[in-house]
Amino acid sequence: MVKKVECPECGSEVTLSDGVVENEILDCSTCGVELEVVSLKPLKVELAPEEEEDWGE
Ligand SMILES: [Zn+2]
């Protein structure tokens, strides 16, 4: 079963793999933004937080 969500950044349809899991990070193939799966039911993605290299030294 193919799962699709709308990219919150550009509005394009993003196809999720069959075995998608919560907290999975995926890329929008249209705008290239990183998306995080925040919920499976209902299926919902949000922009993934920017990765911080400095974890507070
Ligand atoms: Zn996008």
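**Exercise 1. How many helices and how many strands does the protein chain have?**

Solution. The structure is a predicted model, in which local features need pLDDT of at least 70 and side-chain atom pairs count only at pLDDT 80 or more, while totals for chains, interfaces and linings use all residues. Residues are numbered from 1 along each chain as its sequence is written. Start from the rule that helices (H or I, at least four residues) and strands (E, at least two) are DSSP runs, numbered from the N terminus. Applied here, the rule gives 0 helices and 5 strands for the protein chain, and the order of elements from the N terminus is β-β-β-β-β. For the overall dimensions, take the principal axes, along which the C-alpha atoms fill a box of roughly 45 × 20 × 15 Å.

**Exercise 2. Work out the sheet that contains S4 and state which strands stand at its edges.**

Solution. Two strands pair if DSSP finds at least two bridges between them. Step one is the pair S3 and S4, which is antiparallel over 3 bridges, and here Ile25 has Glu36 in S4 as its bridge partner. Step two is the pair S4 and S5, also antiparallel, which is joined by 5 bridges; Glu36 has Glu46 of S5 as its bridge partner, and Val37 stands opposite Val45 in S5. Step three puts the pairs together as an open, antiparallel sheet of 3 strands in the order S3-S4-S5. S3 and S5 (43–47) are the edge strands, each with a single partner, so one side of each has no neighbour in the sheet. Neighbouring strands of this sheet are turned by 40° against each other on average, direction ignored, where the axes are lines fitted to C-alpha atoms and angles between N-to-C directions run from 0 to 180 degrees. Finally, the hairpin formed by S4 and S5 has 2 residues between its strands.

**Exercise 3. Decide whether Gly32 is buried or exposed, and describe where Gly32 lies.**

Solution. A residue is buried if 20 or more other C-beta atoms, placed from the backbone, lie within 10 Å of its own, exposed if 12 or fewer, and partly exposed in between. Gly32 counts as exposed because it has 9 C-beta neighbours inside 10 Å. Its place is the loop between S3 (25–27) and S4 (34–40), and in this hairpin, with 6 residues between the strands, Gly32 takes a positive phi near 80°. Along the chain Gly32 is 28 residues from Lys4, and their C-alpha atoms are separated by 16 Å. The same test can be applied to Gly56, in the segment after S5, which counts as exposed because it has 4 C-beta neighbours inside 10 Å.

**Exercise 4. Which residues form the largest nonpolar core, and what does Val45 touch?**

Solution. A nonpolar core is a set of buried Ala, Val, Leu, Ile, Met, Phe, Trp, Tyr and Cys residues joined through C-beta atoms within 7 Å. Buried residues make up 9% of the 57 residues in the chain, and the largest core has 5 residues, namely Val14, Cys28, Leu35, Val37 and Val45. For contacts, the C-beta atoms of two residues, placed from the backbone, must lie within 7 Å. Leaving out residues up to four places away in sequence, Val45 touches Val5, Pro8, Leu35, Glu36, Val37 and Val38. Over the whole chain, residues 24 or more positions apart account for 17% of the contacts with a separation of 6 or more.
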